[in-house]
Amino acid sequence: MISQERIDTLLKSLDERILLLDGAMGTMIQGFGLGEDDYRGERFADWDRDLKGNNDLLSLTRPDVIRDIHNAFLDAGADIVETNTFNSNAPSMADYGMESLVPELNATSARLARECADAVAAKTGQPRYVAGALGPTNRTASISPDVNDPGFRNITFDQLADTYKVCATALIDGGVDFLLVETIFDTLNAKAAIVGIKRAFRNGGIEVPVMISGTITDASGRTLSGQTTEAFWNSVRHIKPFMIGLNCALGAGELRPYIAELARIADTRVSAYPNAGLPNEFGEYDETPEEMAEVVGEFARSGLVNMIGGCCGTRPDLIRALGDAVKGVA
């Protein structure tokens, strides 16, 4: 169930200190070395497609793994855990023929995160919060997937909006404290998410805060669809997000100028959860907790952020180091 008291406490806490988001769900899942049978479980033993790699499905087939990951980040000091729903949307689940599972995936993942957060809060006496993760989907509304047909799109704005409405409704039903539209590489997708979320609020008769986090894809300082940080902010500010931020694609050092730009222009709170550096030639992340904490700690001391966390490659030890780096900073 949605708790307005808990949401109020979250917003109050953000005015008092820098909150800590969790780290990389995918990175942690990889560490378990799961096989096809783990993803299938009994329920999907006869599914007609390979399911290994469908990490969101583990909320149904291996909820113990997802609980372990949430608890590891909570034990590391995370104030907020994200639901295991980055790909729990119809376009992404279509790769596995599992579009019909989208509401169940979102609601179940929200309940798993809620149970873990509430248990740790009861044990420690410190509130813990759940962010309902809404990933960007595997489609883009602004860019053609066919280089020979620039006007072609493989999804419409309305289809995206409907997708996000279904996800948001189920996440709210599962008890999240706020919705997190994250890793936005195409701001038109984010605008569709905003429409879908508004529809979910209207139909359900209940609202929760909304956070939006974009992705600067390279040293050009732009999203994949070509927007600067300032343009990205101005495209989504109408929903009045309680927090705006950037995540993924870049390490903390590379992300700093764009976080500073957001802090300068945004009339709301700012977040940053970068990768653990840039990937090496094997696609792995080498930045140590100490290295990342030193950079992100400077974000905090410079007054740029209200929340920090980690994206790709970030494990509990790194989240713990980030927490230590911002402890005591207003």
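1. In this predicted model, Gly175, which comes just after helix H8, takes a positive phi of about 100°. The helix that precedes Gly175 comprises the 18 residues 157–174, and because each residue should add 1.5 Å, a span of 26 Å is expected for H8, in agreement with the 26 Å that separates its end C-alpha atoms.

2. The buried residues of H8 include Leu160, Ala161, Thr163 and Tyr164, and further along Cys167, Ala168, Ala170, Leu171, Ile172 and Gly174. These buried residues pack against three helices, namely H6 (90–93), H7 (102–124) and H9 (187–204), and also against the strands E3 (129–134) and E4 (178–184).

3. Helix H9 also packs with helix H10 (residues 229–236), at an angle of about 20° and with the two axes 10 Å apart. Since angles under 35 degrees count as roughly parallel, H9 is roughly parallel to H10. The crossing of H9 past H10 is right-handed. On the H9 side the contact is made by Thr187, Ala190, Lys191 and Ile194, and on the H10 side by Phe232, Ser235 and Val236; by character, the residues of this contact divide into 4 nonpolar, 2 polar and 1 charged.

4. Two residues other than glycine deserve a look at their backbone. Most residues other than glycine have a negative phi. Thr183, however, has a positive phi of about 55°; Thr183 lies in strand E4 and is buried, with a relative accessible area of 11%.

5. Cys248 likewise has a positive phi, near 65°, although it is a residue other than glycine. Cys248 belongs to strand E6 (residues 243–251), and with a relative accessible area of 15% Cys248 is buried.

How values were computed. Residues are numbered from 1 along each chain as its sequence is written. This is a predicted model: local features need pLDDT of at least 70, side-chain atom pairs count only at pLDDT 80 or more; totals for chains, interfaces and linings use all residues. Side-chain values use heavy atoms; hydrogens and water are left out. Helices (H or I, at least four residues) and strands (E, at least two) are DSSP runs, numbered from the N terminus. The expected span of a helix is 1.5 Å times one less than its number of residues. Buried means under 20% relative accessible area, exposed over 50%, partly exposed in between (1.4 Å probe, protein chains only). Contact means heavy atoms within 4.5 Å. Axes are lines fitted to C-alpha atoms, for helices over the stretch in contact, and angles run from 0 to 180 degrees between N-to-C directions. Angles under 35 degrees count as roughly parallel, over 145 as roughly antiparallel, 65 to 115 as roughly perpendicular and the rest as oblique. A crossing is left-handed if the near helix is turned anticlockwise from the far one by less than a right angle, and right-handed if clockwise. Ala, Val, Leu, Ile, Met, Phe, Trp, Tyr, Cys and Pro count as nonpolar, Asp, Glu, Lys and Arg as charged, and the others, Gly among them, as polar.
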